[in-house]
Amino acid sequence: MKGKRNLKVEAIEKGTVIDHIRAGQALNVLRILGISSDFRATISFVMNAIGARGKKDVVKIEGKELSVEELNKIALISPTATINIIRDFEVVQKNNVVLPPSVEGVVRCTNSKCISNSNEPIKSKFSVQQSEEEGVTLRCLYCEHVISENIAENLL
Ligand SMILES: [Zn+2]
C-alpha cells in the first residue's frame with residue numbers, strides 16, 4: 001500500500017476500480033455496465049468523494065476485470081473516468097476511457113417512432129461523435145435522430 005492518497009483505489013485485492021467518474025454518475029455507470037441484482041461480484045461505490053480535481057464518484061468491482069469494450073461505454077456519460085485494473089492490491093493497468101465509435105443496446109433512441117422503439121426485436125444502434133461545442137453526440141443508425149443531451153437519462 002502506497003500511502004493515503006491511493007487508499008481508495010488500492011483498497012481491493014483484485015478487480016476493477018473506476019475512478020474520476022463525474023460526480024453523481026456512479027449509479028449510471030453501474031447501469032451502463034449492465035450491473036444489476038444478478039451480478040455476483042462485490043461492488044462498492046463512493047459518491048461525491050473529494051478528489052484533487054473536485055468532487056468525483058468511484059466504483060469498485062472486486063474479483064472481476066471488465067473488458068475494455070464494456071468499460072469504454074462509460075465515456076458516454078463520464079469522459080473523464082479512469083479504469084484501474086488491480087491485482088494483489090496494486091494498480092497493474094490504468095487507462096482513461098475512450099469513446100467507442102458506436103454503441104448498441106445501451107441508449108434508447110428519443111424518437112418514439114424509431115424502429116428500435118417498436119415491438120420489433122431490434123437493438124438501438126448509434127454512431128458516437130465528440131465535438132468541442134456539443135460534447136458527445138449520438139446519431140441513431142436507423143432514423144438519424146441525434147441525441148446530444150440527456151444521454152444518462154436515456155440509458156436502457
Ligand atoms: Zn432512432
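A salt bridge is here a side-chain nitrogen of Lys or Arg within 4 Å of a carboxyl oxygen of Asp or Glu. In this predicted model, the side chains of Glu-65 and Arg-87 meet that criterion, with N and O 2.8 Å apart. Glu-65 is located in the loop between E3 and helix H3 (68-72), and Arg-87 belongs to strand E4 (residues 82-87), so the pair ties together parts that are 22 residues apart in sequence. Glu-65 is partly exposed, at 41% relative accessibility, and Arg-87 is likewise partly exposed, at 43%.

**Salt bridges**

The structure holds three salt bridges, listed below with their N to O distances.

| Acidic residue | Basic residue | Closest N and O atoms |
|---|---|---|
| Asp-19 | Lys-56 | 2.9 Å |
| Glu-65 | Arg-87 | 2.8 Å |
| Glu-144 | Arg-139 | 3.7 Å |

In the salt bridge of Asp-19 with Lys-56, Asp-19 comes from strand E1 (residues 15-22) and Lys-56 from strand E3 (residues 54-62), so this pair ties together parts that are 37 residues apart in sequence. Both Asp-19 and Lys-56 are buried. Arg-139, the partner of Glu-144, is partly exposed, with 33% relative accessibility.

**Zinc site**

The zinc ion takes its protein donors from the SG atoms of Cys-109, Cys-114, Cys-140 and Cys-143, which lie 2.3 to 2.4 Å from the ion. The angles among the four donor atoms run from 101 to 117°, and the site is tetrahedral. For reference, the ideal angle for four tetrahedral donors is 109.5 degrees. Along the chain, the donors follow the spacing C-x4-C-x25-C-x2-C. Cys-109 sits in the loop between strand E6 (102-104) and strand E7 (125-131), while Cys-143 sits in the loop between strand E8 (135-140) and strand E9 (146-147); the pair therefore ties together parts that are 34 residues apart in sequence. Cys-109 is buried, at a relative accessible area of 3%, whereas Cys-143 is partly exposed, at 27%.

**Domain arrangement**

The protein is divided into domain 1 (13-94) and domain 2 (100-151). Taken over C-alpha atoms, the centres of domain 1 and domain 2 are 24 Å apart. Contacts between them involve six residues of domain 1 and eight residues of domain 2. The two domains bury about 550 Å² between them, with 85% of that area on carbon and sulfur atoms. On the domain 1 side, Asn-72, Lys-73 and Leu-76 lose the most area to domain 2, together accounting for 70% of what that side buries. Zero salt bridges are found across the interface of domain 1 and domain 2.

Definitions and conventions: Residues numbered from 1 in each chain as written. Predicted model: local features only at pLDDT ≥ 70, side-chain atom pairs only at ≥ 80, totals over all residues. Heavy atoms only, no water. Donors = N, O, S within 2.8 Å, 3.2 Å for Na, K, Ca; no water. Tetrahedral: all angles 85-135°; square planar, octahedral: opposite > 155°, others 65-115°. Helix = DSSP H or I, 4+ residues; strand = E, 2+ residues; numbered from the N terminus. Buried < 20%, exposed > 50% of the residue type's maximum accessible area, 1.4 Å probe, protein only. Domains from an automatic or database assignment. Contact = heavy atoms within 4.5 Å. Buried area = accessible area lost by both parts, 1.4 Å probe.
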